[in-house]
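Please open the structure in your viewer and keep the selection tool at hand. The tour goes from one site to the next, saying at each stop what to select and what is found there.

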Amino acid sequence: MSDQTRIRPSEPSDVLRVLPLGGVGEIGKNMYVFEYGDEIVVIDCGLMFPEEEMFGIDLVVPDVTYLRERREKVKAFLITHAHEDHVGGLPYVLPYFPGVPIYASTLARGLLGGKIKEHKLNNNPLLALEPGQTVEMGAFSATAFRIGHSIPDAMGIALRTPVGLIVHTGDFKFDHTPVDGKLSDIHALAGFGQEGVLLLLSDSTRSESPGYTPSERTVGEAFRSIMDGLDGRIIVATFASNIARIQQVFEAAGTFERKVTVIGRSMEQNVRIATDLGYLNYPSDQLVQKDRLKDIPDSKLVIATTGAQGEPMAGLARMANRDHRWVEIRPTDTVIVSASPIPGNEEVVGRTIDNLFKVGANVYYHDIKRAHVSGHASQEELKLMLNLTRPKHFIPMHGEFRMLVQHGRLAAELGVAPENIYIIENGQPIEFSADGTGRRGTPVEAGYVYVDGLSVGEVGDVVLRDRRALASDGMFLVVVTVDKQTGNLIGRPEIVTRGFVAGADCTGALCAMT
Ligand SMILES: [Zn+2]
Ligand SMILES: [Zn+2]
């Protein structure tokens with residue numbers, strides 16, 4: 001059956017379809033599809049790190065079956081910012097969409113460029129879309145606006161469609177003293193509100209937190225207060241992509257005349273790119289290569305590294321396990337874990353911190369001394385976003401289901417009609433007609449695609465269920481050789497067990513068989 005005959009009857013062309021393929025009901029693999037007539041634009045294409053029971057899985061990316069079936073319609077990928085949960089899926093998705101351009105800001109293009117080279121994906125032009133710029137794509141036109149977040153040049157996107165104006169916030173908070181001095185474009189948001197917003201999609205990550213999220217700058221103050229008076233080494237672990245945080249490591253280190261060494265492949269690469277593009281600023285002699293570590297006295301050194309999420313192969317965990325080529329944790333070290341665990345990672349992060357304490361290091365983690373603040377808006381900022389844009393319809397996005405519910409309640413409090421608030425799961429389209437009414441469409445396929453080593457999508461739920469069964473019940477294998485002619489047993493049956501019962505391969509009643 002061709003796409004034509006299968007799709008067209010149920011898809012009237014004057015309807016605007018908004019479809020999350022990832023990012024609602026979960027934190028990770030954000031991907032939002034906007035479809036009108038013969039055209040589709042996609043905002044973000046992220047990945048998700050596997051949950052603990054996803055044995056052997058390296059990454060999870062969105063299922064793009066819906067888009068693959070409409071390949072000729074897909075006109076562009078728009079990228080809000082270069083965090084993995086917004087761009088990490090691209091290398092696995094782009095091969096299905098050769099030639100489709102990716103629009104992103106300078107820093108995002110810089111960070112993506114490495115990824116694209118690594119995965120040899122040269123068929124998708126990487127085009128500029130900077131905060132304040134507009135790009136036309138057939139029926140759609142997208143205006144990027146600057147928004148505060150934990151990475152420079154984070155953007156939201158105002159998408160003008162024949163049915164109305166959509167505002168997609170991207171990840172955001174309203175930081176009035178951002179590290180790079182570039183403010184959220186509140187004026188643009190108010191302008192959209194005045195123009196009339198049909199639909200707002202807004203970040204729900206911290207919709208459970210009352211008040212305001214503190215400014216990123218407070219982390220720099222926390223770094224200084226921790227570093228003050230120390231004469232041992234200082235190790236700061238954070239996200240490799242958190243350029244604003246890394247900038248503050250340099251600045252705080254500079255206050256105490258400390259050099260900075262960056263360790264961890266992804267962080268080293270990001271620091272190189274961000275420095276080249278002018279997003280990271282520090283005296284050139286402050287950065288010390290890791291092979292020169294030994295030349296710097298402990299009291300003059302800060303090490304910035306990855307592994308704040310407890311990833312077993314990343315810098316911090318290996319340092320804690322005395323398994324790192326360059327750095328071994330010593331009792332005189334002070335470690336700052338400048339991140340809060342992504343939901344699901346709490347246990348591994350906890351284990352890494354335990355190991356650091358066991359070696360004798362002093363560890364600051366999570367919100368202790370406020371060495372980390374979120375890059376996401378709390379309730380009062382979410383209300384401000386709703387107030388500025390005054391949307392007719394609202395889809396809370398980027399959050400676990402309960403966070404979406406809380407965000408939905410805020411919107412209702414602020415006057416969005418309850419029937420126009422859509423708490424939805426991945427694959428649930430919302431369709432808007434020319435008269436501005438919205439309704440739920442027929443859900444489409446939008447599950448998980450597992451990346452396991454080099455295989456993409458070959459490991460499915462059935463394999464995972466088997467892996468879970470093997471992990472919890474062990475394995476029991478009976479090998480019986482049967483004579484094809486007579487049907488009689490040849491020799492003794494063999495029983496092999498793994499993780500089943502300790503000791504002998506056969507006990508009790510089972511032995512009767514052998
Ligand atoms: Zn982000
Ligand atoms: Zn995000």
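Begin with the two metals: the zinc ion (ligand 2) and the zinc ion (ligand 1) lie 3.4 Å apart, and Asp 171 coordinates both of them. Bear in mind throughout that this is a predicted model.

Next, centre the view on the zinc ion (ligand 2) and display its donors, which are Asp 85 through OD, His 86 through NE2, Asp 171 through OD and His 398 through NE2, at 2.1 to 2.2 Å. Along the sequence, these donor residues follow the spacing D-H-x84-D-x226-H. How is the geometry of this site classed, given the angles among its four donor atoms? The angles run from 87 to 163°, and the site is irregular; the upper value matters here because four donors count as tetrahedral only if all angles lie between 85 and 135 degrees.

While the donors are still selected, colour Asp 85 and His 86 by accessibility. Asp 85 has a relative accessibility of 16% and therefore counts as buried, the cut-off being under 20%, while His 86 is buried with a relative accessible area of 1%.

From the donor His 398, move to Ser 204, which touches His 398 as well as Pro 396, Met 397, Gly 399, Met 403, Leu 404 and His 407, leaving aside residues up to four places away in sequence. Ser 204 belongs to the loop between β12 (197-203) and α7 (217-227), and it is buried, with a relative accessible area of 0%. If you draw the distance from a polar atom of the Ser 204 side chain to the backbone oxygen of Met 397, it comes to 2.7 Å.

The remaining stops concern aromatic rings. Select Arg 68 together with Tyr 96, and you will find Arg 68 over the face of the tyrosine, 3.8 Å from the ring centre. Then select Arg 70 and Tyr 66, where the charged end of the arginine sits over the ring, 3.7 Å from its centre.

Turning to rings that pair with one another, the count comes to seven aromatic pairs. One of them is formed by Tyr 422 and Phe 432, an edge-to-face arrangement with 6.3 Å from centre to centre and 90° between the planes. This pair links distant parts of the chain, with Tyr 422 in the loop between α13 (401-413) and β19 (430-432) and Phe 432 in strand β19, 10 residues apart. Are these two residues buried or exposed? Both Tyr 422 and Phe 432 are buried.

Notes: Residues numbered from 1 in each chain as written. Chains lettered and ligands numbered in written order. Predicted model: local features only at pLDDT ≥ 70, side-chain atom pairs only at ≥ 80, totals over all residues. Heavy atoms only, no water. Phe/Tyr/Trp six-rings, centres within 6.5 Å; stacked < 30°, edge-to-face > 60°. Helix = DSSP H or I, 4+ residues; strand = E, 2+ residues; numbered from the N terminus. Buried < 20%, exposed > 50% of the residue type's maximum accessible area, 1.4 Å probe, protein only. Lys NZ or Arg CZ within 6 Å of the ring centre and 35° of its normal. Donors = N, O, S within 2.8 Å, 3.2 Å for Na, K, Ca; no water. Tetrahedral: all angles 85-135°; square planar, octahedral: opposite > 155°, others 65-115°. Polar contact = N/O pair within 3.5 Å; in protein donor to acceptor, adjacent residues only side chain to side chain. Contact = heavy atoms within 4.5 Å.
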